[in-house]
Amino acid sequence: MYTLQANASGTRNIEVSDDNLNTIRKYGLFQHLIDSNGIVDETVLDKLKLNIRSLIAAQVEDSKDLLDLCIDVIYHNNMKAFGLQQLIQLYLKWAPGHPMEEEEEEYEDH
């Protein structure tokens, strides 16, 4: 479990699990999310929310992992653009040390 600082003053935090980070990787949620300017603002957070909602709506199979990510992290009361920036940085540090499982590789190939 990782504690994510959700605001600049450090008074708000969000707990992020390895399962949450695996879900981000499994669905490639951060791919093509940020514009070329590299700025993470509320528009980027809204774009992520819409992408996740469309994935859940299109799922034929169980999307419990996406729902858990939404409840625990993305739609958390403290999640704002600053928190998303911190989540992206956490993911970038986390990903190299956690190899992909075969099931995740199969999903990304489609």
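These exercises work through the core, a helix, the salt bridges and a charged patch of a predicted model.

**Exercise 1. The nonpolar core**

Find which residues touch the most other members of the largest nonpolar core, and which elements supply it.

Solution.
- Step 1. The largest nonpolar core holds 28 residues. F30, L84 and L87 touch the most other members.
- Step 2. Turn to the elements. At least two core residues come from each of β2 (13-16), α1, α2, α3 (64-74) and α4 (81-94).
- Step 3. Rank the contributions. With six residues, α4 gives the most to this core.

**Exercise 2. Helix α1**

Decide whether α1 is largely enclosed or not, and state what follows just after the helix.

Solution.
- Step 1. Apply the cut-off: buried means under 20% relative accessible area.
- Step 2. List the residues of α1 that pass. They are N20, L21, N22, T23, I24, R25, K26 and Y27.
- Step 3. Eight of the 10 residues of α1 are therefore buried, and the helix is largely enclosed by the rest of the structure.
- Step 4. Move past the helix end. G28, just after α1, has a positive phi of about 60°.

**Exercise 3. Two salt bridges**

Identify the salt bridges, place their partners in the helices, and classify K26, K64 and D68 by accessibility.

Solution.
- Step 1. Use the criterion: a side-chain nitrogen of Lys or Arg within 4 Å of a carboxyl oxygen of Asp or Glu. The count is two.
- Step 2. Take D65 and K26. Their closest N and O atoms are 3.1 Å apart. D65 belongs to helix α3 and K26 to helix α1, so this pair ties together parts 39 residues apart in sequence.
- Step 3. Check K26. Its relative accessibility is 14%, so K26 counts as buried.
- Step 4. Take K64 and D68. Here the closest N and O atoms lie 2.7 Å apart. Both residues are in helix α3, four residues apart, about one turn of the helix.
- Step 5. Recall the helix geometry. An α-helix has 3.6 residues a turn, so residues three or four places apart point the same way.
- Step 6. Check exposure. K64 is partly exposed at 47% relative accessibility. D68 is partly exposed at 28%.

**Exercise 4. A negative patch**

Name the residues of the negative surface patch, then locate D41 and give its exposure.

Solution.
- Step 1. The patch is formed by D35, D41, E42 and D46.
- Step 2. D41 sits in the loop between α1 (18-27) and α2 (42-58).
- Step 3. Patch residues need over 30% relative accessible area. D41 has 31% and is partly exposed.

Notes
Residues numbered from 1 in each chain as written. Predicted model: local features only at pLDDT ≥ 70, side-chain atom pairs only at ≥ 80, totals over all residues. Heavy atoms only, no water. Patch = residues over 30% accessible without salt bridge, like charges linked within 9 Å, V, L, I, M, F, W, Y side chains within 5 Å. Areas by Shrake-Rupley, 256 points an atom, 1.4 Å probe, with all protein chains shown as cover. Lys, Arg positive; Asp, Glu negative; His and termini not counted. Charge placed at Lys NZ, Arg CZ, Asp CG, Glu CD. Buried < 20%, exposed > 50% of the residue type's maximum accessible area, 1.4 Å probe, protein only. Core = buried A, V, L, I, M, F, W, Y, C linked by side-chain atoms within 4.5 Å.
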